Amino acid sequence: YAPDGFKKPGVRLQISKQADNVSNWGFSIISSRDIYLNTSEKVYRSHIYLRDGGHYILQFFYLDNKDYPFAHREFRVK
């Protein structure tokens, strides 16, 4: 949900998973897709099935700035 709409039409959705048996970072990318939206839209809806439990990170990046996410959420799957 973007209350002011998306600033740019191209965004990348990325989902990463952290390995449980490592002492430092240990993240691997599970899914990544580029999405093109109307900038007046305020909501993006989609779904993904995560079959394995663990610690996940969901991030959104603008395609012209893939170094810094504009949205970030961490969650666990049991």
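The following paragraphs describe the fold, core, largest pocket and selected residues of a predicted model.

Local features are reported at pLDDT of at least 70 and side-chain atom pairs only at pLDDT 80 or more, whereas totals for chains, interfaces and linings use all residues. Residues are numbered from 1 along each chain as its sequence is written, and side-chain values rest on heavy atoms, with hydrogens and water left out.

The chain contains zero helices and four strands, in the order β-β-β-β along the sequence. Helices (H or I, at least four residues) and strands (E, at least two) are DSSP runs numbered from the N terminus. Along the principal axes, the C-alpha atoms fill a box of roughly 40 × 25 × 20 Å. The accessible surface of the chain is about 6000 Å², and carbon and sulfur atoms hold 48% of that area; areas were computed by the Shrake-Rupley method with a 1.4 Å probe, and for residues only the protein chains shown count as cover. Of the 78 residues, 27% are buried. Relative accessible area under 20% is termed buried, over 50% exposed, and in between partly exposed (1.4 Å probe, protein chains only). Among contacts with a separation of 6 or more, 52% join residues 24 or more positions apart, a contact being heavy atoms within 4.5 Å.

The largest nonpolar core has eight residues: Ala2, Phe6, Val11, Leu13, Ile35, Leu37, Phe60 and Tyr62. Two or more of these residues come from each of β1 and β3 (54-62). Such a core is a set of buried Ala, Val, Leu, Ile, Met, Phe, Trp, Tyr and Cys residues joined through side-chain atoms within 4.5 Å. With residues up to four places away in sequence set aside, Leu13 touches Ser31, Ser32, Arg33, Ile35, Leu58, Gln59 and Phe60. Gln14 lies in strand β1 and counts as buried because its relative accessible area is 15%. Beyond its neighbours within four places in sequence, the contacts of Gln14 are Ile29, Ser31, Ser32, Ile57, Leu58, Gln59 and Phe61.

The largest pocket encloses about 440 Å³ of space. Its lining comprises 21 residues, of which Tyr1, Phe6, Phe60, Phe70 and Ala71 are the closest to the pocket centre. Strands β1, β3 and β4 (71-77) each give two or more residues to this lining. Pockets were found on a 1 Å grid over the protein atoms alone, as open sets of points where a 1.4 Å probe fits, with protein on both sides within 12 Å along at least five of seven lines; lining residues have an atom within 4 Å of a point. Grid points are joined across faces, edges and corners, and the volume is the space filled by probe spheres set on them. By class, the lining has 13 nonpolar, four polar and four charged residues. Ala, Val, Leu, Ile, Met, Phe, Trp, Tyr, Cys and Pro are taken as nonpolar, Asp, Glu, Lys and Arg as charged, and the others, including Gly, as polar.

Three loop residues were also examined. Ala19, in the loop between β1 (10-18) and β2 (27-36), is partly exposed because its relative accessibility is 31%. Its C-alpha lies 7.8 Å from that of His55, 36 residues away in sequence. Gly53 occupies the loop between β2 and β3 and is partly exposed at 32%. Excluding residues up to four places away in sequence, Gly53 touches Lys17, Val77 and Lys78. Tyr68, in the loop between β3 and β4, is exposed, with a relative accessible area of 61%. The C-alpha atoms of Tyr68 and Tyr56 are 17 Å apart, at a sequence separation of twelve residues.
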